[in-house]
Amino acid sequence: MKDTPAWRALAAHRDALASQRIDALWARDPKRGEALTFHCGGIAADFSKQKVTRETLGLLLDVARESGVAPAISRLFAGESINNTENRPALHMALRGDEHVTVDGTDVLPEIERNRDRTRVFTNAVRGGQWKGATGLKITHVVAIGIGGSALGPQLAIEALRDRANGPEVRFIANIDPAELDDALTGLKPASTMVVVASKTFTTQETMVNAAAARTWITAALGADAVAKHVIGATANAGEAVKWGLPDCNVFPFHDWVGGRYSLWSSVGIPIALAIGMQGFDELLAGAHAVDLAFRSDPPERNVPVLLALIGIWNRNMLGIPSHAVLGYASRLASLPAYLQQLEMESNGKRVDARGKPVGVETCPVIWGGTETPGQHAFHQWLHQGTDVASCDFIVSAKPMGAELDHHRILLANALAQSEALMAGVETKEPWRACPGDRMSTTLVLPQLDPRSLGALLAIYEHKVFVQATVWGINPFDQYGVELGKTIAGRILPALRGKAADLHPATRHLLGVVARLGGPH
Ligand code: F6P
């Protein structure tokens, strides 16, 4: 923990609370359900199954105050260069708002609106069939190529909003594994396929190699000119996209002040608009914008992203919980854990603060999770009786996501049962049946799984990450940790292509193993 008055007070409170179980806190304060449930962007966040009291929240808010969370939020929205290592603002919120924000003396709103209009015109034309492929066919399929933030958000949104999908079918290629390319292209016809290359930098190896293969697939069938009708780019590096061979008008730009993992709100979201229509995409943006407004204006004591962040800090830094499970009680949220892994772990998986000094506290926990109820028949055993404790977020939709109401009732019963079981546990004579309980969770209740609620949910998590970063002193908007592996891969690749390479003996050894098992020479 940090050695400051607010952290010390929090630690003293933790020690005083240590012997109290969460269900005992419920027995002492039966109104804690109401007292610890807050709303944001239409979503209810119930913190009453956390090992916290109202006093805990007050002390956590002192930590937030001491860390300067409120001024940091103001700086974020004002477009200050809070990404200090890359010397730029983080203004993804501007993409879903209607406010005039100035970056380097220029109001960015007119360009944001222009880009959004271009997306609207393009996606309407493709969906409506006015945009035709090189041979005059309507576009029926989209191959979305991108990785990390250039794929995870659109993939999650399209899966989550599948009931709205009335446009071309979207398939994703993220991995450089050639199987992914083969699988995505199987059964597709170039003449009715649109390739969307999403890459902030337009240099990411996996994306550019996959994009080149997809472009060849198009041009081999339809000729070189077909690129204009079948390939578009979403990027912050328009120059590179044009150099790569895209006509200017096929490039949908966004700014470098949109972080990759915050880019689904930009032209990176075009596959979403193609799949569900621009109205749905606008609603997604509106849901996120509603949360932005609440995040800026709700008092900290009922500010959901702030509280979600602070409770995460309590679990991580005071109770020593090393991992956090995201449990989506919605089959259409299967990609949420992967999305949040990038959002939280790439942002806050850091060990030095924004000035380069050791942070001095544990930072981002391991984020993982599953789709429920199938996860109940897999890893929940570990959650209930394992030797480690994970904190959990249960995510449920109040209204059903399919036609069978009773299925939904069963789904809800299971969600509520799991969080109760984790908290209450059970004592039995047979030790193998006993569940210790006292395991903490938050339940986030969406009114329904629609674009607005999804936008709100993702924005809540984005702002949670920002608040945690502020308290830990981290810059959440860079990701230098991913660079080293990329550099080493660049050294190893020539060896796999049969060329001389300067290799670590451990790598040379594994290359030998691969070769003996028939791998590339
Ligand atoms: O893995 C690092 C990363 O830079 C992510 O932050 C980003 O979302 C992803 O790679 C893809 O980058 P790009 O959009 O530039 O292709």
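The paragraphs below lead through a predicted model, going from its nonpolar interior to its ligand, its cysteines and a few details of its backbone.

A good place to begin is the interior, where the largest nonpolar core is made up of 128 residues. Those with the most contacts inside this core are L76, F122, M194, L333, L336, I395 and L454. Among the elements of the fold, helix α18, which runs over residues 451-472, gives the most to this core, contributing 13 residues. Looking at one of the well-connected residues shows how such a core is held together in sequence terms: leaving aside residues up to four places away in sequence, L76 touches I82, A90, L91, M93, F295, F466 and F477. Apart from this core lies another, of 22 residues, which includes A184, A211, I218 and A226.

From the core we can turn to the ligand, which is surrounded by 14 residues, the closest being S150, S199, T201, T204 and E346. Two of these closest residues can be followed down to single atoms: an N or O atom in the side chain of T201 is 2.6 Å from an oxygen atom of the ligand, and for the side chain of T204 the corresponding distance to a ligand oxygen is 2.5 Å. With G149 the contact is made by the backbone, since a polar backbone atom of that residue is 2.7 Å from an oxygen atom of the ligand. Taken alone, the ligand would expose 390 Å², and the protein buries 88% of that area.

The cysteines come next. A disulfide is a covalent bond between the sulfur atoms of two cysteines. A search of the whole structure finds zero disulfides. Why does C435 not form a bond with C392? The sulfur of C392 is the closest cysteine sulfur to that of C435, but the two are 13 Å apart, and this is too far for a bond. Another cysteine, C40, counts as buried because its relative accessible area is 2%, which is under the 20% cut-off.

Finally, the backbone has some details to look for in the loops. A cis peptide bond, with omega about 20°, joins E372 and T373, and T373 is placed in the loop between β11 (366-371) and α16 (380-385). Two residues other than glycine have a positive phi: N87, with a value near 50°, and D438, with a value near 60°. N87 lies in the loop between α5 (69-78) and β3 (102-103), and D438 in the loop between α17 (405-424) and β13 (441-446). Is each of them buried or exposed? N87 counts as exposed because its relative accessibility is 60%, whereas D438, at 19%, counts as buried.

Terms used:
Residues numbered from 1 in each chain as written. Predicted model: local features only at pLDDT ≥ 70, side-chain atom pairs only at ≥ 80, totals over all residues. Heavy atoms only, no water. Core = buried A, V, L, I, M, F, W, Y, C linked by side-chain atoms within 4.5 Å. Buried < 20%, exposed > 50% of the residue type's maximum accessible area, 1.4 Å probe, protein only. Helix = DSSP H or I, 4+ residues; strand = E, 2+ residues; numbered from the N terminus. Contact = heavy atoms within 4.5 Å. Near = heavy atom within 4 Å. Polar contact = N/O pair within 3.5 Å; in protein donor to acceptor, adjacent residues only side chain to side chain. Areas by Shrake-Rupley, 256 points an atom, 1.4 Å probe, with all protein chains shown as cover. Disulfide = S-S within 2.5 Å.
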